[in-house]
Amino acid sequence: MLKERIELLCKKKQISRKDLVEGLVTQAHFANILAGRYPLADDLAEHIAGRLGVPVSYLTAAATSDEQTLKRAEHIFQTMSEGAVSESYVDALDDRDDALVVELTTALMKAVYYQQINDQTAYDYLHQSYLNHYLEKYGKPDEVELPLPLKKALLLYKIQYFRSKNLFYNVLDDVNRLIGLVEPGTEVWLMAQNIRMESCILLKQFEQAKQVFEQTMQQIVDDRLFHRLSGLYVAYSGYCFAMGLVQEALRSLSMAEANLVYLQQPGDVITTIMNNRIVMLTMTGELDRALDEIVRFEAIIANEPEETRKKLEPVTIIYRCEAAFAQKNWGLLSHGIERLRISQTNTDQEMALTFYESQLALSQGDTERFQSLALECLPYFESNHHEMRLEQLYEALAVVCEEGRRYKESSMYYRKLVYLLRNNGGGGPSRQV
């Protein structure tokens, strides 16, 4: 670990390894020190630390992994993986620690946190200034033997990264590894089980998803971990919806809502419950019930602080746009589009807006504008494997190209549509818009 730390420090100082040890030791001798074959002498450490502008202990203690150090790293992993940490707690965590196992565990868990709160600026800066270097060295846990807390932090980081990219085979592989390293019934284990079930559903491994649900439910009942019931029922509702059991999926969401009483801070979970219920009702054509839920959700949001209201306003507008689009109510869709244009939107919501604009243009017979907008958002939905949007876009693009006698393009979109339909096994709406 000393070698990796020195390499990063040299990069930041823009100093070569040769210049770092010039006049102190030979490069060959220094290479043996970094490989762990020779110890780092105190006087040499002092000279090198001076040239790198760091305390001597930042070099001599880099590889420390005694029991006390591992406990500190484990505490950071456990606390931050439970998901209820405050911004002040994260800000108070030192970015630098003499022991690399603590420092790198902290950085990985901060990255997970920044991703969860959608702080892209902090996430990117952490990677550019620090994490990218170590991910290049330690990114494949099978190839490098790491202390246990750091190994768990790296796996959780990769799980969240792969989830953001919709790479659920990778997610399932790493979450199975993580589950093997944590104690059943702990908060981390329960969180990992939910992600495991989500991955099985999205990969259409439905029997495995049901087994994960039953195993997790048994653990929750045995250990009386009732605060985890809502999250589990949300995940199970996704399984039911993917299996075509719509009413069972909706009942599971009602169970999730009923068990919110066990949560100290139910805000995020109720948002997910409402989201999934609205999406399910809209997708199955129960638009009156969906609109009732949208109204109820808007009433809940109205009691939230202004910052939260602004964040959730585009979400509810998109719900209304989707319902209007399903009804082919172009007047209502046009109104929703205008509201969405002046809202503070993220990338997902901006692409949803572009999609709705494309469909509105198509309804008005403006095929040129439709095609321009459709091709603008298509790569995004392809990268996220959004099957419903892709089906709608491929079919419309194929028809427009065919009507324009662009038969080669039309054939391409029809082929993509056929491939999509053949491989489309469905998946429950497990995430927010």
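Is Asn-118 buried or exposed? Keep that in mind as you look at this predicted model; the points below come back to it.

1. **Two loop residues with positive phi.** Asn-118 is exposed, with a relative accessible area of 52%, which is over the 50% cut-off for that label. You will find Asn-118 in the loop between helix H8 (100-116) and helix H9 (120-138). Its phi is near 60°, a positive value in a residue other than glycine. Now look at Arg-224, which is not a glycine but has a positive phi of about 55°. Arg-224 belongs to the loop between helix H13 (206-223) and helix H14 (229-242). Arg-224 is exposed, and its relative accessible area is 60%.

2. **Helix H17, a helix with two sides.** Try a small check here. Helix H17 has 16 residues (287-302), and at 1.5 Å a residue these should span 22 Å; the end C-alpha atoms are 22 Å apart, which agrees. Which residues of H17 are buried? They are Leu-287, Ala-290, Glu-293, Ile-294, Phe-297 and Ile-301. These residues cover an arc of only 115° around the axis, so they sit on the same side of H17. Their packing partners are helix H16 (267-283) and helix H18 (306-327). Turn to the other side of H17 and you meet Asp-288 and Asp-292, which are exposed.

3. **The nonpolar cores.** The largest nonpolar core has 90 residues. Among those with the most contacts inside this core are Met-80, Leu-104, Leu-108, Tyr-130 and Met-197. Helix H8 gives the largest share of this core, 11 residues. Tyr-130 is a good residue to click on: leaving aside neighbours within four places in sequence, Tyr-130 is in contact with Leu-8, Leu-100, Glu-103, Leu-104 and Ala-107. There is also a second, separate core of 32 residues, which includes Leu-353, Tyr-394, Tyr-413 and Leu-420.

4. **Salt bridges between elements.** Side chains of opposite charge can pair when their charged atoms come close. The count of salt bridges here comes to 27. One of them joins the side chains of Glu-187 and Arg-228, at 3.1 Å from N to O. Glu-187 lies in helix H12 (residues 187-202) and Arg-228 in the loop between H13 and H14, so this pair ties together parts that are 41 residues apart in sequence. Arg-228 is buried, with a relative accessible area of 17%. Another salt bridge brings you back to H17: the side chains of Arg-320 and Glu-298 meet at 3.0 Å, N to O. Since Arg-320 lies in helix H18 and Glu-298 in helix H17, the pair ties together parts that are 22 residues apart in sequence. Arg-320 is partly exposed, at a relative accessible area of 30%, and Glu-298 is partly exposed too, at 24%.

5. **A salt bridge within one helix, and a network.** The side chains of Glu-338 and Arg-341 meet in a salt bridge of 2.4 Å, N to O. Both residues lie in helix H19 (residues 330-341), three residues apart, about one turn of the helix. Glu-338 counts as partly exposed at 41% relative accessibility, and Arg-341 is partly exposed at 39%. Elsewhere, a network of salt bridges links Lys-158, Asp-173, Asp-174 and Arg-177.

6. **Aromatic rings.** How many aromatic pairs does the structure hold? There are 14. The rings of Tyr-161 and Phe-162 have their centres 5.6 Å apart and their planes at 65°, so this pair is edge-to-face. Tyr-161 is partly exposed at 33% relative accessibility, whereas Phe-162 is buried at 14%. For Phe-213 and Tyr-236, the ring centres are 3.9 Å apart and the planes are at 20°, so the pair is stacked. Phe-213 lies in helix H13 and Tyr-236 in helix H14, so the pair ties together parts that are 23 residues apart in sequence. Phe-213 is buried, with a relative accessible area of 11%, and Tyr-236 is buried with 13%. To finish, look for the cluster in which ring pairs link Phe-325, Trp-330, Phe-355, Tyr-356, Tyr-380 and Phe-381.

Methods. Residues are numbered from 1 along each chain as its sequence is written. This is a predicted model: local features need pLDDT of at least 70, side-chain atom pairs count only at pLDDT 80 or more; totals for chains, interfaces and linings use all residues. Side-chain values use heavy atoms; hydrogens and water are left out. Helices (H or I, at least four residues) and strands (E, at least two) are DSSP runs, numbered from the N terminus. The expected span of a helix is 1.5 Å times one less than its number of residues. Buried means under 20% relative accessible area, exposed over 50%, partly exposed in between (1.4 Å probe, protein chains only). The arc is that of the directions from the helix axis to the C-beta atoms. Contact means heavy atoms within 4.5 Å. A nonpolar core is a set of buried Ala, Val, Leu, Ile, Met, Phe, Trp, Tyr and Cys residues joined through side-chain atoms within 4.5 Å. A salt bridge is a side-chain nitrogen of Lys or Arg within 4 Å of a carboxyl oxygen of Asp or Glu. Rings of Phe, Tyr and Trp (its six-membered ring) pair if their centres lie within 6.5 Å; planes under 30 degrees apart count as stacked, over 60 as edge-to-face and the rest as tilted.
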